[in-house]
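Got your viewer open and a selection box ready? Here is a short walk through the model, one selection at a time.

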Amino acid sequence: MAEVVISSIRNRFPVFQKKIYLNSCSQGALSDKVGAAFQEYLRTWHEHGSPWDLWVQHYEAARAVFARLIGAETDEVALVASASAGANGIASALSYGERNRVVMGEFEFPTMGHIWLAQRPRGADVVFVPADNDRLPVEGYRALIDRNTLIVPMTHICFRNGFRMPVPDIVRMAHDQGALALLDDYQDCGTRPIDAKAMDLDFYVSGTLKYLLGPPGLAFLYVRKSLIETLTPTITGWFGQANPFAFNEQLLEPAPNARRFESGTPPIPSIYGASAGVELLQEIGLGRVADHIRMLTSMLLEGARGLRIQAKTPPDSVGPLVVLKAKDADALVQKFARQDVVLSSRHDGLRISFHVYNTPDDVKHVLGLLESNLDLLVRK
């Protein structure tokens with residue numbers, strides 16, 4: 001992507017006036033477009049008091065925005081408060097009878113493990129595929145997925161080391177055994193084009209606060225249309241009903257579409273901000289975003305190899321997350337912060353995450369700071 005284009009994009013994110021921001025894996029940077037969307041929400045509140053008709057229209061428009069983002073139909077998308085809420089809705093709707101095995105990798109974000117482990121009292125047999133050298137081998141899944149497998153939840157990008165799951169292979173393996181496949185795409189959604197149908201997924205969940213450049217408080221769940229009416233979640237609420245405004249507390253009538261996986265009053269402020277974040281990415285083009293991130297990732301990994309720093313991220317990674325092995329990752333985060341560079345850490349990993357607003361100069365600056373702090377890094 002041309003330098004002038006990156007500069008114009010970067011100028012829309014005020015944080016770069018004072019910081020080098022490389023922490024999109026925790027929270028995307030705030031753009032002028034998202035800030036303006038929040039102001040628009042506040043304007044409607046100030047001027048109208050309680051314009052719920054308008055806000056519900058915006059809520060439904062956001063559903064369509066997310067559906068287009070992932071190549072789904074509008075009726076296949078539920079708006080939920082978090083990725084955890086979306087996955088919990090699915091877990092609560094499944095029956096753990098003859099098929100009761102849940103096959104997961106060791107690299108899941110903790111909440112995904114917690115959600116399925118919580119189904120053990122209902123009969124779920126939860127097993128984990130062991131990691132091998134910071135990867136989850138396909139062979140590990142093949143050894144555990146069988147005719148008793150109910151669902152295979154996957155994390156697209158590992159939050160600890162940036163490993164990218166071979167999703168097509170795992171989905172095919174699950175379906176060959178009659179099992180369902182769920183993808184948690186929180187650490188990748190917004191960095192490249194997505195097509196949930198082409199990936200042949202049964203369920204897809206992601207949230208808005210990371211690479212989608214939105215606020216916390218909102219996530220979305222895709223459910224394959226043919227599955228929707230076969231699943232009745234036991235985690236529900238009035239916005240999950242066929243007619244939320246019937247106000248009939250004695251009638252449980254789940255919506256005929258994916259909205260049945262929703263629960264309470266939608267988070268309208270987050271919906272305003274999140275819609276704007278997705279729209280900005282679509283204006284830029286997710287294909288261009290992916291190419292740019294791939295270039296930055298390659299540049300950092302090559303520079304780290306030159307410094308003999310051990311990377312936890314596989315060398316063939318295309319991003320967006322690169323994790324370097326550290327003796328004291330938290331101390332490094334603090335040292336970088338004093339130089340106005342924002343990073344994060346998990347366990348022994350220093351996490352550096354790229355997005356479309358980052359530049360080769362950001363990478364060079366980080367490599368310079370790494371070289372000055374080699375004593376805190378694990379080297380080959």
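**Stop one: helices on a sheet**

Start by selecting helix α4, residues 83-93, which lies across β2, β5, β6, β7 (203-207) and β8 (219-223). Its direction makes an angle of about 30° with β8. Keep in mind as you go that this is a predicted model.

Now add helix α5, residues 110-117. This helix lies across β3 (101-105), β4, β5, β6 and β7, and runs at about 165° to β3.

Next, colour the strands underneath. In what order do the seven strands of the open sheet come? Reading across, you get β2-β8-β7-β6-β5-β3-β4, with mixed pairing. The edges are β2 (77-80) and β4 (125-129), each of which pairs on one side only. Ignoring direction, neighbouring strands in this sheet are turned by 20° against each other on average.

Zoom in on one pair: β5 (residues 149-155) and β6 (residues 180-184) run parallel and are joined by five bridges. Put M154 in sticks and you'll find L183 of β6 opposite.

**Stop two: the pocket**

Turn on a surface or pocket display. Rolling a probe the size of a water molecule over the atoms shows where empty space is left. The largest pocket holds about 290 Å³ of space. Its lining has 22 residues, and those nearest the centre are A83, F109, T111, Y186 and K210. Which elements give two or more residues to that lining? They are α4 and α5, so keep both helices from stop one on screen.**Stop three: nonpolar cores**

In soluble globular proteins, nonpolar side chains tend to be buried together. Here the largest nonpolar core has 92 residues, and the members that touch the most others are I70, Y141, M154, F220 and L370. M154 is the residue you just saw opposite L183.

Select I70 and expand to its contacts. Setting aside residues up to four places away in sequence, I70 touches V77, I194, D195, A196, K197, Y204, F220 and Y222. Apart from the largest core lies another one, of 32 residues, including A78, I115, F203 and L227.

**Stop four: strand β12 and its partners**

Jump to residues 349-353, strand β12. Is this strand enclosed or open? Five of its five residues are buried, so β12 is largely enclosed by the rest of the structure. Check both faces: G349, R351 and S353 are buried on one side, and L350 and I352 are buried on the other.

Bring in the partners one at a time:

- Strand β9 (residues 321-325) pairs with β12 in the antiparallel sense, over five bridges. L324 is the residue opposite L350.
- Strand β11 (residues 344-346) also pairs with β12 in the antiparallel sense, over three bridges. Here S344 stands opposite R351.

β11 and β12 make a hairpin, with two residues between the strands. One to click on in the turn is H347, with a positive phi of about 55°. H347 is exposed, at 65% relative accessible area, whereas the residues of β12 are buried.

**Stop five: backbone oddments**

Step back along the chain to the loop between α10 (286-306) and β9, where P320 sits. What is the peptide bond from G319 to P320, cis or trans? Cis, with omega near 10°.

Then move to the loop between α8 (225-228) and α9 (268-284) and pick F247. Although F247 is not a glycine, its phi is positive, about 55°. Is F247 buried or exposed? Exposed, since its relative accessible area is 59% and the cut-off for that label is over 50%.

**Last stop: G240**

Stay in the loop between α8 and α9 and select G240. At 0% relative accessibility, G240 counts as buried, whereas F247 is exposed. What does G240 touch? Leaving out neighbours within four places in sequence, its contacts are P254, A255, R259, R260, E262 and S263.

To finish, draw a distance between the C-alpha atoms of G240 and E3. The two residues are 237 apart along the chain, and the separation is 46 Å.

Conventions:
Residues numbered from 1 in each chain as written. Predicted model: local features only at pLDDT ≥ 70, side-chain atom pairs only at ≥ 80, totals over all residues. Heavy atoms only, no water. Pairing = 2+ DSSP bridges. Helix = DSSP H or I, 4+ residues; strand = E, 2+ residues; numbered from the N terminus. Axes fitted to C-alpha atoms, helices over the stretch in contact; angles between N-to-C directions. Contact = heavy atoms within 4.5 Å. Core = buried A, V, L, I, M, F, W, Y, C linked by side-chain atoms within 4.5 Å. Buried < 20%, exposed > 50% of the residue type's maximum accessible area, 1.4 Å probe, protein only. 1 Å grid on protein atoms, 1.4 Å probe; cavity = no way out; pocket = protein on both sides within 12 Å on 5 of 7 lines; lining within 4 Å. Points joined across faces, edges and corners; volume = space filled by probe spheres on them.
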